[in-house]
Amino acid sequence: MKTIILDGLKNQVRHAFEVGEFLTEGRALPRVDFGKSVAIEVTATDTLGLYPTLLCEDDEVVDHGRQFSRRMHLKMAPGCQHEDAIMKLVTANGLLAREFSQVKDVRVCLKTYSVLNG
């Protein structure tokens, strides 16, 4: 399988995090160390009710496909400009564009990450 790189994905997530575009549900955000590797998950809902899912380590796609369920992690605020930029990165790749065509309810999450001074 050819490696898929979404150049700039980690930077988009980092910037969204820095400007407060992640949901906290009333709790303080962790101090994520973006100098270390982070796992980023992008999910959506397609017209069949399945969840196109993309799992990345930094900018590298490590898994993708359609799933029957999804779990939310540390979520980016839905509909923010960073989410739009990330979806442009995703759909710029032909294979991923097919999986994420005609989707709604996009969610971008930090799945695993290191914490500063942690």
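Reader: In this predicted model, which residue forms a salt bridge with Arg14, and what separates the two along helix H1?

Author: In this predicted model, the closest N and O atoms of the salt bridge between Arg14 and Glu18 are 2.9 Å apart. Because the two residues are four apart in helix H1, what separates them is about one helical turn. The residue that pairs with Arg14 is therefore, by the 4 Å limit for a salt bridge, Glu18.

Reader: Does that pair have an exposed or a buried Glu18?

Author: Arg14 has a relative accessibility of 27% and so counts as partly exposed. For Glu18 the relative accessibility is 52%, and since the cut-off is over 50%, Glu18 counts as exposed.

Reader: Which residues of H1 are buried, and how wide is the arc in which they fall?

Author: The buried residues of H1 are Leu9, Lys10, Val13, Ala16 and Phe17. When the helix is viewed down its axis, these buried residues line one face of H1, because they fall within an arc of 130°.

Reader: What covers the buried residues of H1?

Author: The cover over the buried residues of H1 includes both strands and a helix. Among the elements that provide it are strand E1 (39-45), E2, strand E4 (74-75), helix H2 (81-91) and strand E5 (104-112).

Reader: Where does the largest share of the largest nonpolar core come from?

Author: The largest nonpolar core has 27 residues, and those with the most contacts inside it are Leu6, Val13, Leu54 and Leu110. At least two residues of this core are supplied by each of H1, E1, E2, H2 and E5. The largest share, which amounts to four residues, comes from H1.

Reader: Which residues does Leu110 touch, leaving out those up to four places away in sequence?

Author: Leu110 is one of the residues with the most contacts inside the largest nonpolar core. When residues up to four places away in sequence are not counted, Leu110 touches Val13, Phe17, Phe22, Val32, Phe34, Val38, Ala39, Ile40, His73 and Leu74.

Reader: Is Lys10 buried or exposed, given that its place is in helix H1?

Author: Lys10, whose place is in helix H1, has a relative accessibility of 14%. Because the limit for a buried residue is under 20%, Lys10 counts as buried.

Reader: Which residue forms a salt bridge with Lys10, and how many residues apart are the two?

Author: In the salt bridge between Lys10 and Asp58, the closest N and O atoms are 3.1 Å apart. This pair links distant parts of the chain, with Lys10 in helix H1 (residues 9-18) and Asp58 in the loop between strand E2 (51-57) and strand E3 (60-67). Asp58 counts as partly exposed, because its relative accessibility is 22%. The partner of Lys10 is Asp58, and the two are 48 residues apart.

Reader: Which backbone oxygen does the side chain of Lys10 reach?

Author: Not counting residues up to four places away in sequence, Lys10 touches Phe34, Gly35, Lys36, Ser37, Val38, Ile40, Asp58 and Asp59. The backbone oxygen that the side chain of Lys10 reaches, at 2.8 Å, is that of Phe34.

Reader: Which residues are joined into one network by salt bridges that share partners?

Author: The side chains of Arg107 and Asp105 meet in a salt bridge with an N to O distance of 3.1 Å. Arg107 is buried because its relative accessible area is 18%, whereas Asp105 is partly exposed because its relative accessible area is 35%. Through salt bridges that share partners, the residues joined into one network are Arg70, Asp105 and Arg107.

Reader: How many salt bridges does the structure hold?

Author: Side chains of opposite charge can pair when their charged atoms come close. Among the pairs in this structure are Arg14 with Glu18 and Asp58 with Lys10. The number of salt bridges that the structure holds is six.

Reader: Which backbone nitrogen lies 3.3 Å from a polar atom of the side chain of Glu99?

Author: Glu99 is found in helix H3 (residues 94-99) and counts as buried, because its relative accessibility is 13%. Leaving aside neighbours within four places in sequence, Glu99 is in contact with Pro52, His64, Gly65 and Arg66. The backbone nitrogen at 3.3 Å from a polar atom of the Glu99 side chain is that of Gly65.

Reader: Which element has the lowest mean pLDDT?

Author: The protein chain has a mean pLDDT of 90, and 98% of its residues reach 70 or more. Among the elements of the chain, H1 has the highest mean pLDDT (96), and the element with the lowest (89) is H3.

Definitions and conventions: Residues are numbered from 1 along each chain as its sequence is written. This is a predicted model: local features need pLDDT of at least 70, side-chain atom pairs count only at pLDDT 80 or more; totals for chains, interfaces and linings use all residues. Side-chain values use heavy atoms; hydrogens and water are left out. Buried means under 20% relative accessible area, exposed over 50%, partly exposed in between (1.4 Å probe, protein chains only). Contact means heavy atoms within 4.5 Å. A polar contact is a pair of N or O atoms within 3.5 Å; within protein, one must be able to donate a hydrogen and the other to accept it, and residues adjacent in sequence count only if both atoms are side-chain atoms. pLDDT is the predictor's confidence in each residue, from 0 to 100. The arc is that of the directions from the helix axis to the C-beta atoms. A nonpolar core is a set of buried Ala, Val, Leu, Ile, Met, Phe, Trp, Tyr and Cys residues joined through side-chain atoms within 4.5 Å.
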